[in-house]
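Work through the exercises below with the coordinates open, attempting each task before reading its solution.

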Amino acid sequence: MLAEAFAGPPAPTSSPGVNATKRLVLSDGAVVFHKPFSGVHVANALAYGQTAETPPLHDAVGWRLAAALGEPWQGLVSPCVLRDYAGEDGALSLQAPGWPGDLAPTLNPTWCLPAAFLDSLIAQQDRHAGNWRWDGNRLTLIDHGYAFARPDDILNHTDLLAARHSHGATALLAGERQVLKRLLDDAGLLGIASLLISDRARALRERARQMLARDEVLRPGEF
Amino acid sequence: MIRVRFTTSEFNAKTQQWVKLPVAELIADGEDVRISGPRAEWISPDIAIIDPETTDRVTRADGAERWARLLPFAYRSGDLDVEVTEVAAAEPVGAAFHYSTAA
């Protein structure tokens, strides 16, 4: 669906210096967001221990990993691919249904548990209610630019993982153990290792190993 | 005083034009924060933001105006347009959620 042609101009933005992400429409009517590599706010990326290139890359890898794990994680993440727009390479993600700022998913185990598992596995550094969408029935996680952190990288928010801890639900579920084993049994981490910088791929493998060994999701900030 | 305007856009397929829609307006005045607008509840006063210059984790309690200036870094996904302006004096903002860091 993200391979359709672009239709019409991008939506105007008031803050191009901070956010170069463009809102666009595809020929099938889908609204998408293009985050160009050239538009990364480098100081902000460096503050998170990221680089000038990793935020759009991690947006797409976040989706690839969720898709590789299968449901329920695949359905939790807004689809995202690497694609150029107007000659600029970047991450193209599908608009998620719903609205920001709603804390309902933190109280709903159907959504909070798998989202917290994924955020723990991908070392999400900035998951607050502005970085998910809730439509009253469904949670969608967006913006994985600041993820795949390494040990000692900073954490800003991981609100869904913190909620899972606060509900005393840290123990892994059967399906979570199963996908961690599948991930670790594959030398290429289900195709993800080759998409990440090597130290971030190693950190991903180590988190999966730790989660399986302890039979629980990691603590917030444990990358 | 800092004013932060949050807007979104909808595509009109007939005119092939984007239509800008208001979401919320946030006013940070001293240590107080007021949020108003048709979707004021979309904007959380409790989000912490990493200051890219210092790497400090800044919350509203660290200074409402400093925090408000950093809000574009909290909303990076592109579906909310965030415009920050310095304004000279308070203007009526109508019914608003009001948050204060005062005890």
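Helices (H or I, at least four residues) and strands (E, at least two) are taken as DSSP runs and numbered from the N terminus. This is a predicted model, in which local features need pLDDT of at least 70 and side-chain atom pairs count only at pLDDT 80 or more, while totals for chains, interfaces and linings use all residues. Residues are numbered from 1 along each chain as its sequence is written, and chains are lettered from A and ligands numbered from 1 in the order in which they are written.

**Exercise 1. Describe the make-up of chain B, then its hairpin.**

Step 1: chain B has 1 helix and 7 strands, and from the N terminus on these elements follow the order β-β-β-β-β-α-β-β.

Step 2: of the 103 residues in chain B, 36% are buried, where buried requires 20 or more other C-beta atoms within 10 Å of the residue's own, exposed 12 or fewer, and partly exposed a count in between, with C-beta atoms placed from the backbone.

Step 3: strand S2 (residues 17-29) of chain B runs antiparallel to strand S3 (residues 32-36) of chain B, and 5 bridges join them; two strands pair if DSSP finds at least two bridges between them. Glu25(B) has Ser36(B) in S3(B) as its bridge partner.

Step 4: S2(B) and S3(B) form a hairpin with 2 residues between them, and Gly30(B) in the turn has a positive phi of about 65°.

**Exercise 2. Place Glu4(A) in its surroundings: which residues does Glu4(A) touch, not counting residues up to four places away in sequence?**

Step 1: Glu4(A) lies in the segment before strand S1 (6-7) of chain A.

Step 2: Glu4(A) is partly exposed, because 13 other C-beta atoms lie within 10 Å.

Step 3: with the stated neighbours in sequence left out, Glu4(A) touches Leu26(A), Ser27(A), Asp28(A) and Ala30(A), a contact being two C-beta atoms, placed from the backbone, within 7 Å.

**Exercise 3. Trace the sheet of chain A and the helix that lies across it.**

Step 1: 5 strands of chain A form an open sheet in the order S1-S2-S3-S5-S4, with antiparallel pairing. The edge strands, each pairing on one side only, are S1 and strand S4 (80-85) of chain A.

Step 2: within this sheet, S3(A) pairs with strand S5 (residues 88-94) of chain A in the antiparallel sense over 5 bridges, and the bridge partner of Val32(A) in S5(A) is Leu94(A).

Step 3: helix H2 (residues 54-69) of chain A lies across S3, S4 and S5 of chain A, running at about 140° to S4(A); axes are lines fitted to C-alpha atoms, for helices over the stretch in contact, and angles run from 0 to 180 degrees between N-to-C directions.

**Exercise 4. Characterise the side of chain A that touches chain B.**

Step 1: 35 residues of chain A are in contact with 27 residues of chain B.

Step 2: strand S2 (22-26), strand S3 (31-36) and helix H1 (42-47) of chain A each supply at least two residues of the side of chain A that touches chain B.

Step 3: the residues on that side of chain A divide into 14 nonpolar, 17 polar and 4 charged, where Ala, Val, Leu, Ile, Met, Phe, Trp, Tyr, Cys and Pro count as nonpolar, Asp, Glu, Lys and Arg as charged, and the others, Gly among them, as polar.
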